[in-house]
Amino acid sequence: MDGTKLLILGGLALVVAVSLRKALHDNKLATAIPVVGSSGFFSSYWDGYKYLAHATELIQAGYDQYPNGIFRVAQLFHWDYIVCGNKLVGELGNAPESVLSFSEGVEELTMGRAIATNAYHIHAIRTSLTRNLHRCFPDVRDEIVCAFDDILQLQGSEWKAVTVLPTSMAIVARVSNRLFLGLPLCRDKAYLQNNIKFTLDVFQSARRINLWPPSMRPFVAPFISSKDRSFDAALKFLGPLLEERLAKENELGPDWPGKPNDLISWLLEIAEGDERTAPALTLRLLSTNMAAIHTSSMAFTNALLDLAAHPEFLLPMREEVERVLREEGWTKAALNSMAKIDSFFRESQRLNGTGPVGMMRRVIAKEGFQFSNGAVVPYGAFVAVASRPAHYDSANYDNPAVFDGFRFSREREAQKMDVDSTKEGDLQPFKRHMISTAVDHLPFGNGKHACPGRFFAATELKAMLAHTVMNYDIKAEVEGVRPPNKVYGSVITPNATGKVLFRKRQ
Ligand code: HEM
């Protein structure tokens, strides 16, 4: 398409977008829900732009005003409805997909219709992948050791400044792919780089595409995103392996001797019909990589930046890991005994693991969605929860703005002592592990779409942090200073150039 045609199409689409926005602006159901920020037709456009830089403050202001209610904020081309308070957050999380749709809510991040309408890979992650974590742990651990050695490249006893985010990405991509498809591909630099590139591209192009009116997006998306090129590259890496595995299943049946215990096998246990082809399986592997790499590497980056800024937590964690390893060795079960490591991650995720809003959904029920407080969010609207304000609310946490790495391990200990002193032994399970979701703890979402990969993420990340405290000394570039997060709209990411100093443990 040449430039003039694109311009005309852009003009037309803008007219359609403005008319649709006007209709939404005047929608009776919408106007019953209060606006935070400007409510005028044109001034709210301005607010939509301001949101890109000031979402955190705006959402916090809405939360302060309506801590148990719903408010609206202007986006460039629509309203976002923001839900606050534990009760309503629970209602959003538990609403069926046929009413509040997850895949429509994250439209620009999805990988096409096949993935949105048949999300069988999620089932494979939730069941086989999670069940096999115990058995596959030695491989995961082996990859962590090799990846840290290869990627950090530390010599002697010198301190080395490491840029945390890209380093975490490189380690996480490698360790995750050891579980997903094993050696040797999990160490193939070009394959891993393509996965990282694809992941970054999907998130970055989603941002750019969202700056266009919805009606224009299908036309501009191919110019903005290089998703298709990354897919073709992934197919070149994975195609021969996938063809071989499909041929083996066809020839020898689903349980052939020596069948690897990996994500390809777990996918093939469920995949049917058109899904049993190399391109379709490549798309599932890429999607899983995308869901896993970005999130887990940001979580590890945040934890390292927190640890460098709060070095007083390092020695107690090192002592804990040493004790547990003496008693249990490097096993998945041993990670359950590392209460301080677990607590440190949960606290790091509480403070930095989510933007101002999360759990984005789109209302796809024609009658809209009614919350128990009577508020109705109309058909077609985007609705999300005020996640960061919930994490910083003193009604949910004592001293909420303070980084207290062991707040959850202390609670766990206190609960254990309570149980020990109760005659009946009221064994309430501890509900604040890293993997436990809650309406006031939302880094993994909550309810029906809560992250199915969190059990693997926690295993991988806790093993990585335990490895770090056992083998390295780390400190901040500037004592006590955490490089500031990067904010874009409702997305908060750790500083991409933030560094931490590493040296071999002395
Ligand atoms: C620290 C690491 C991770 C974080 C913080 C994280 C966070 C999230 C969040 C917030 C959601 C959306 C929940 C909602 O809207 O209710 C989600 C969904 C998802 N995550 Fe994760 N995730 C992580 C790691 C992983 C890993 C390792 C995998 C794969 C092995 C994975 C696979 C998925 C999938 C497939 C979904 C979509 C679920 C659905 O559609 O129902 N995630 N994750």
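## A tour from a cis proline to the ligand

Begin by selecting proline 184, which sits in the loop between helix 9 (164–181) and helix 10 (189–209). Keep in mind throughout that this is a predicted model. With proline 184 on screen, add leucine 183 to the selection and look at the peptide bond that runs from leucine 183 to proline 184, which is cis, with omega near 0°. Most peptide bonds are trans, and most residues other than glycine have a negative phi.

The next two stops concern phi. Select glutamine 153, in the loop between helix 8 (133–152) and strand 4 (160–163), and inspect its backbone, where phi is near 50°, a positive value in a residue that is not glycine. Is glutamine 153 buried, partly exposed or exposed? Its relative accessibility is 47%, so glutamine 153 counts as partly exposed, given that exposed requires over 50%.

Then move to asparagine 399, which you will find in the loop between helix 18 (387–391) and helix 19 (407–421). Asparagine 399, which is not a glycine either, has a positive phi of about 40°. Because its relative accessibility is 58%, asparagine 399 counts as exposed.

Now turn to the ligand, and start with its iron atom. Which protein atom is the donor of this iron? The only protein donor is the SG atom of Cys451, at 2.3 Å, and cysteine 451 itself lies in the loop between helix 19 and helix 20.

From the iron, widen the selection to the 23 residues around the ligand, of which Phe102, Thr295, Arg361, His449 and Cys451 come nearest. Two of these residues repay a look at their side chains. In arginine 361, a polar side-chain atom lies 2.8 Å from an oxygen atom of the ligand, while in histidine 449 a polar side-chain atom is placed 2.6 Å from a ligand oxygen atom.

Finally, colour the shell around the ligand by the elements that contribute to it. Helix 7 (120–131), helix 14 (278–309), strand 5 (358–363) and helix 20 (454–471) each supply at least two residues, and the largest share, six residues, comes from helix 14. If you colour the shell by residue class instead, you will find 14 nonpolar residues, eight polar residues and one charged residue.

Notes
Residues are numbered from 1 along each chain as its sequence is written. This is a predicted model: local features need pLDDT of at least 70, side-chain atom pairs count only at pLDDT 80 or more; totals for chains, interfaces and linings use all residues. Side-chain values use heavy atoms; hydrogens and water are left out. A residue is near a molecule or strand if one of its heavy atoms lies within 4 Å of it. A polar contact is a pair of N or O atoms within 3.5 Å; within protein, one must be able to donate a hydrogen and the other to accept it, and residues adjacent in sequence count only if both atoms are side-chain atoms. Helices (H or I, at least four residues) and strands (E, at least two) are DSSP runs, numbered from the N terminus. Ala, Val, Leu, Ile, Met, Phe, Trp, Tyr, Cys and Pro count as nonpolar, Asp, Glu, Lys and Arg as charged, and the others, Gly among them, as polar. Buried means under 20% relative accessible area, exposed over 50%, partly exposed in between (1.4 Å probe, protein chains only). Donors are N, O and S atoms within 2.8 Å of the metal (3.2 Å for Na, K and Ca); water is not among the atoms, so sites may look incomplete.
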